[in-house]
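Reader: Please walk me through this one at an easy pace. I would like a short reason behind each reply.

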Amino acid sequence: MDFPFEQIISDGNLVRTFQENVDDEELKWHFDLKDRWVTILESDNWMFQMDDDLPNKLNVNDKLFIPKFAWHRVIKGNGNLVVSIEEVE
Amino acid sequence: MKNILEILREYTEEKENPTLVLKKNAKISESLNYHIENGLSLTNNIYRVYSTGYFNLVNEVRDLYEQDLIELNEEDTLMVESDLGKAIIIEGQEVYLDAPFLVDEDEVLEEAKHRGKNVKLGKPFRTSGGPKKFAVYVKTPGGGVKKVTFGDPNLRVRNNNKAASKSFRARHKCDQKKDRTTAGYWSCNVGRYAKQLGLSSGNSW
């Protein structure tokens, strides 16, 4: 399966880069199987939306908690979006 | 990805066919206000399909429309005049009317068998990558509920191509298909639900 991001592992965290030319139709609603903390490293007008909530702008250094099985998605902004993900066992 | 012509076409259509325009002052939710402020139509509902937020917005707009408090474009009018957002219980399970969803091939095979069609079990009839089959629950004129299955293997590709879309509509006489309880109606009008179905375009066929 192709993912709409590139990923490296840094200090045990997943660092994902969504390129500015990513097709916004690939940024689908989904949920994950583990709880996770997400730290925003780079973002210009990218948005984040949890199920049944309105989208919120992602700012650098924001830290979000996403519970497992919670539907969510990102909405494309300008430039790249870079996030660091810490999965919680 | 949308090309510049598609973006321009959508922009022009939105300007020529405004929607979600309040006619009078009315108390509205934060989510409807968000759609109005961002120029989003009901067809481009930002919520995940089948989520509470998605159906709440449809039902709120329907209420306003029925009180003549909001102006809608043709596509949004068709949505609120349908049963979209209304739930019923079938075999103990809550299902939503007029909301197309993807069905897996086992379910399609099972239905085909029930209808006496000669299908070979275990023989995949999807090509690699999988043609999509969809289903939708609709109310029948007699007051019952019917599950309509429809779909096309090349839906994604052709729906995004304006010429192919026009050709499809002409070939299948879509203008004459008004009966929501038929597969033909839904094949012709699936573009309205493109985002829900993961299709690449909101074009009607």
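## Loops, chains and salt bridges

Reader: In which loop is the place of Phe69(A)?

Author: A word on the ground rules: this is a predicted model in which local features need pLDDT of at least 70, side-chain atom pairs count only at pLDDT 80 or more, and totals for chains, interfaces and linings use all residues, while side-chain values use heavy atoms and leave out hydrogens and water. Residues are numbered from 1 along each chain as its sequence is written, and chains are lettered from A and ligands numbered from 1 in the order in which they are written. Helices (H or I, at least four residues) and strands (E, at least two) are DSSP runs, numbered from the N terminus. On that basis, the place of Phe69(A) is in chain A, in the loop between β6 (63–66) and β7 (72–75).

Reader: Near what value is the phi of Phe69(A)?

Author: Most residues other than glycine have a negative phi. Phe69(A), which is not a glycine, has a positive one, near 65°.

Reader: Is Phe69(A) buried, partly exposed or exposed?

Author: Buried means under 20% relative accessible area, exposed over 50%, and partly exposed in between (1.4 Å probe, protein chains only). Phe69(A) has 48% relative accessibility, so this residue counts as partly exposed.

Reader: And where in chain B is Glu91(B), and how is its exposure classed?

Author: Glu91(B) also has a positive phi, near 50°. Its place is in the loop of chain B between β3 (87–90) and β4 (93–96). With a relative accessible area of 84%, Glu91(B) is classed as exposed.

Reader: Good, now the folds: what pattern does chain A follow along the sequence?

Author: Chain A has zero helices and eight strands. Read from start to end, that gives the pattern β-β-β-β-β-β-β-β.

Reader: What is the radius of gyration of chain A, and what does it say about how compact the chain is?

Author: The radius of gyration is taken over C-alpha atoms, and the globule rule is 2.2 Å times the number of residues to the power 0.38. For the 89 residues of chain A the rule gives 12 Å, and the chain's own value is close to that, so chain A is as compact as a globular protein of that length, with a radius of gyration of 12 Å.

Reader: What share of the contacts in chain A with a separation of 6 or more comes from residues 24 or more positions apart?

Author: A contact here means heavy atoms within 4.5 Å. Chain A has its C-alpha atoms in a box of roughly 30 × 30 × 30 Å along the principal axes, and 42% of its residues count as buried. Among its contacts with a separation of 6 or more, the share from residues 24 or more positions apart is 66%.

Reader: How many helices and strands are there in chain B?

Author: Chain B has 205 residues, of which 41% count as buried. Of its contacts between residues at least 6 apart in sequence, 52% join residues at least 24 apart. Its secondary structure comes to nine helices and seven strands.

Reader: Which residues of chain A are linked in a network of salt bridges?

Author: A salt bridge is a side-chain nitrogen of Lys or Arg within 4 Å of a carboxyl oxygen of Asp or Glu. Arg36(A) pairs with Asp32(A), with the closest N and O atoms 3.5 Å apart, and Arg36(A) also meets Glu87(A) at 2.6 Å, N to O. The network therefore consists of Asp32(A), Arg36(A) and Glu87(A).

Reader: How many residues apart in sequence are the parts that Arg36(A) and Glu87(A) tie together?

Author: Arg36(A) is buried at 6% relative accessibility, whereas Glu87(A) is partly exposed at 34%. Arg36(A) lies in strand β3 (residues 35–44) and Glu87(A) in strand β8 (residues 78–88) of chain A, so the parts tied together are apart in sequence by 51 residues.

Reader: Which residue meets Asp83(B) in a salt bridge?

Author: Asp83(B) is buried, with a relative accessible area of 17%. Its partner is partly exposed at 33%. The two side chains come to 3.2 Å, N to O, and the partner is Lys86(B).

Reader: Last one: what distance separates the C-alpha atoms of Lys133(B) and Asn33(B)?

Author: Lys133(B) is in the loop between α5 (105–114) and β6 (134–139) of chain B, and is partly exposed at 25%. Lys133(B) and Asn33(B) are 100 residues apart along the chain, and their C-alpha atoms are separated by 35 Å.
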